[in-house]
Amino acid sequence: MSNLTFTMVKPEAVEAGNAGAILNKIEKSGFRIVALKKVLLTKERAGEFYEVHKERPFYAELVDYMSSGPIIAALLEKDNAVLDFRELIGATDPSVAAKGTIRAEFAESKAKNAVHGSDSDDNANIEADFHFTNGERF
Ligand code: GDP
């Protein structure tokens, strides 16, 4: 069981002024913020982050979107972090995301779905290392 996961509040949610409400919901759900930063990803960096999706038809659109405005990246700690966080954010497509989940409440569409959440312990570590040095984690 892991105790760390990685998240990003995506550009449209930051632009809409929902970052504070989303982070509040995350903290109220028992996650501790270990690291936090606001950053504008270049296309190159966004492409690298989503390299695993390179073969998917929406890859170019995803990279454009994720570099279209600043995101807020965070490393989160909780028992069973990866699975509990996936439950808190809900399904990829907000039209089928469970009521009360972050995506049901804040996402615009399947593409612009407000938040990212790591899908495995290995990816949580890779994604955390992508954004944060050890000196940025408390
Ligand atoms: P997640 O793990 O729930 O974030 O979903 P995936 O790993 O399947 O997809 C990664 C991200 O790609 C999603 O969070 C969306 O932002 C985006 N995405 C997924 N499906 C589509 C799609 O059909 N079209 C577009 N444009 N983006 C998509």
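How many helices and strands does the protein have?

## Overall fold

The protein in this predicted model has seven helices and four strands. In sequence order, these elements follow the pattern β-α-α-β-α-α-β-α-α-β-α. The radius of gyration of the protein is 14 Å, close to the 14 Å that the globule rule gives for 138 residues, so the protein is as compact as a globular protein of that length.

Along the principal axes, the C-alpha atoms of the protein fill a box of roughly 35 × 35 × 25 Å.

## Ligand site

The ligand takes up the space of the largest pocket. Around the ligand are K10, H53, R56, F58, E61, L62, R86, T92, R103, K110, A111 and N113. Sorted by class, this shell consists of six charged, three polar and three nonpolar residues.

## Polar contacts and cover

Both side chains and backbone supply polar atoms to the ligand's surroundings. In the side chain of R86, an N or O atom is 3.0 Å from an oxygen atom of the ligand. For R103, a polar side-chain atom lies 3.0 Å from an oxygen atom of the ligand. A111 takes part through its backbone: one of its polar backbone atoms is 2.8 Å from a ligand oxygen atom.

On its own, the ligand has 550 Å² of accessible area, and the protein covers 83% of that area.

Key. Residues numbered from 1 in each chain as written. Predicted model: local features only at pLDDT ≥ 70, side-chain atom pairs only at ≥ 80, totals over all residues. Heavy atoms only, no water. Near = heavy atom within 4 Å. Polar contact = N/O pair within 3.5 Å; in protein donor to acceptor, adjacent residues only side chain to side chain. Areas by Shrake-Rupley, 256 points an atom, 1.4 Å probe, with all protein chains shown as cover. 1 Å grid on protein atoms, 1.4 Å probe; cavity = no way out; pocket = protein on both sides within 12 Å on 5 of 7 lines; lining within 4 Å. Sits in = over half its atoms within 2 Å of the grid points. Nonpolar A, V, L, I, M, F, W, Y, C, P; charged D, E, K, R; others polar. Helix = DSSP H or I, 4+ residues; strand = E, 2+ residues; numbered from the N terminus. Rg over C-alpha atoms; globule rule 2.2 N^0.38 Å.
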